[in-house]
Amino acid sequence: MDSINRRTILSTGALALAGAAAQGTSAQAQAGPKSIFAVDAVTIPIVGQSDVFPVRRIYCIGRNYAAHSREMGSDPTREPPFFFQKPTDAIQNVAIGQVADHPYPSLTKNYHYEVELVAALKSGGTNISVEKALDHVYGYAVGLDMTRRDLQRAMGDEKKPWEIGKSFDHGAVIGPIHPVSKTGHFAKGAISLAVNGTVKQTSDLDKMIWSVAEQIAKLSEAFELKAGDIIYSGTPENVGPVVKGDVLLCKLQGLPDMSIKIV
Ligand code: MN
């Protein structure tokens with residue numbers, strides 16, 4: 001109920017803003033219903049420009065590296081990919097060169113990192129072909145799909161939704177977006193995560209079971225993708241827990257490092 005209300009308010013607000021921008025007037029001057037209060041728009045900075053990337057939806061793919069699939073207790077044969085979402089306002093932006101404070105969330109005693117490549121879409125559609133899929137990518141960022149692993153597992157064991165383990169405030173950590181025009185696409189390249197200077201996760205993007213293009217194609221069979229959607233493309237093996245005070249350093253070959261401190 002809450003999320004439905006929130007989406008309605010968001011879309012109404014967006015329409016009012018778009019109308020105001022088109023006519024050069026304030027939102028208050030528009031005819032018709034107006035939002036009863038303001039809701040913050042969620043955006044991600046773009047490297048090299050003052051304009052920002054507006055976030056519509058956050059998709060994440062599960063178990064997309066074979067070794068990670070195995071450590072999660074699954075068979076990494078090429079089963080169809082599966083996806084989940086995080087709420088848009090779970091985004092925590094982390095600037096280049098910053099060590100951003102990241103709050104240890106409530107309820108968990110086993111809070112895990114998952115370093116991932118994130119693709120940001122400038123357009124979308126349904127039933128997008130693998131061949132055309134990358135045409136929809138605006139840019140890329142390095143991200144952390146933070147996970148309350150104990151809650152995720154407990155819900156999974158009871159065959160209940162993962163929601164509480166994956167979809168929570170600040171749970172979608174992300175660096176600034178780098179336009180494809182500057183970086184090209186990422187079919188391969190080293191990806192790693194260190195905790196307090198010790199490397200924990202290390203792999204290569206070429207070990208993804210489903211490529212970014214394949215993820216977009218598969219997602220578009222289930223959902224109409226649109227500009228503003230971002231996709232966390234899965235984490236390599238050796239996920240693990242953090243405690244307050246830990247400093248995480250994420251590296252993705254071709255992008256600046258991203259770092260957070262658990263507080
Ligand atoms: Mn993940």
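**Metal site, sheet and aromatic pairs in a predicted model**

In this predicted model, E114 has a relative accessibility of 4% and therefore counts as buried, the limit being under 20%. E114 is one of the protein donors of the manganese ion, which also include E116 and D145. The glutamates contribute OE atoms and the aspartate an OD atom, at 2.0 to 2.1 Å from the ion. Along the chain, these donors follow the spacing E-x1-E-x28-D. Distant parts of the chain are thereby linked: E114 lies in the loop between β7 (111-113) and β8 (115-121), D145 belongs to strand β9, and 31 residues separate the two. D145 is likewise assigned to the buried class, because its relative accessible area is 1%.

The manganese donor D145 is also among the contacts of K86, a list that leaves aside neighbours within four places in sequence. K86 is found in strand β4, and its relative accessibility of 3% places this lysine in the buried class. A polar atom of the K86 side chain lies 2.9 Å from the backbone oxygen of M146. M146 accordingly appears in the contact list of K86, together with I58, C60, D145, K166, S167, G171 and A172.

At the level of the whole protein chain, the secondary structure comprises 7 helices and 18 strands. Of its 263 residues, 45% count as buried. Among contacts between residues at least 6 apart in sequence, 75% join residues at least 24 apart.

Strand pairing was examined next. An open sheet is formed by 5 strands in the order β6-β18-β17-β13-β14, with mixed pairing. The edges are occupied by β6 (99-102) and β14 (198-204); each has a single partner strand, so one side of each lacks a neighbour in the sheet. From one strand to the next, the twist averages 20°. In general, the strands of a sheet pair through backbone hydrogen bonds, in either a parallel or an antiparallel manner.

Within this sheet, strands β17 (residues 247-252) and β18 (residues 258-262) run antiparallel and are joined by 4 bridges. In this pairing, L249 stands opposite S259 in β18. Strands β13 and β14 also run antiparallel, and 6 bridges join them. Here V195 stands opposite T198 in β14. The hairpin of β13 and β14 has 2 residues between the strands, and N196 adopts a positive phi near 50°.

A search of the whole structure for aromatic pairs returned 7. For F82 and W162, the ring centres are 5.7 Å apart and the planes stand at 75°, so this pair is classed as edge-to-face. The pair connects distant parts of the chain, F82 lying in the loop between α2 (66-71) and β4 (83-86) and W162 in the loop between α4 (149-157) and α5 (163-166), 80 residues apart. F82 counts as partly exposed because its relative accessibility is 26%. W162, with a relative accessible area of 22%, is partly exposed as well. A second edge-to-face pair is formed by Y140 and F186, with a centre-to-centre distance of 5.1 Å and 65° between the planes. This pair also links distant parts of the chain: Y140 is in strand β9 (residues 137-145), whereas F186 is in the loop between α6 (180-183) and β13 (190-195), 46 residues apart. Both Y140 and F186 are buried. F82 and W162, together with F84, form one aromatic cluster.

A further polar contact involves Q215, which lies in helix α7 (residues 212-222). Q215 is buried because its relative accessible area is 1%, against a limit of under 20%. A polar atom of the Q215 side chain lies 2.9 Å from the backbone oxygen of W210. Apart from residues up to four places away in sequence, Q215 touches I61, N64, F83, M208, W210, I231, Y232 and S233. The buried polar side chains described here thus include those of K86, at 3% relative accessibility, and Q215, at 1%; each has a polar atom 2.9 Å from a backbone oxygen, that of M146 for K86 and that of W210 for Q215.

How values were computed. Residues numbered from 1 in each chain as written. Predicted model: local features only at pLDDT ≥ 70, side-chain atom pairs only at ≥ 80, totals over all residues. Heavy atoms only, no water. Phe/Tyr/Trp six-rings, centres within 6.5 Å; stacked < 30°, edge-to-face > 60°. Buried < 20%, exposed > 50% of the residue type's maximum accessible area, 1.4 Å probe, protein only. Polar contact = N/O pair within 3.5 Å; in protein donor to acceptor, adjacent residues only side chain to side chain. Contact = heavy atoms within 4.5 Å. Donors = N, O, S within 2.8 Å, 3.2 Å for Na, K, Ca; no water. Pairing = 2+ DSSP bridges. Axes fitted to C-alpha atoms, helices over the stretch in contact; angles between N-to-C directions.
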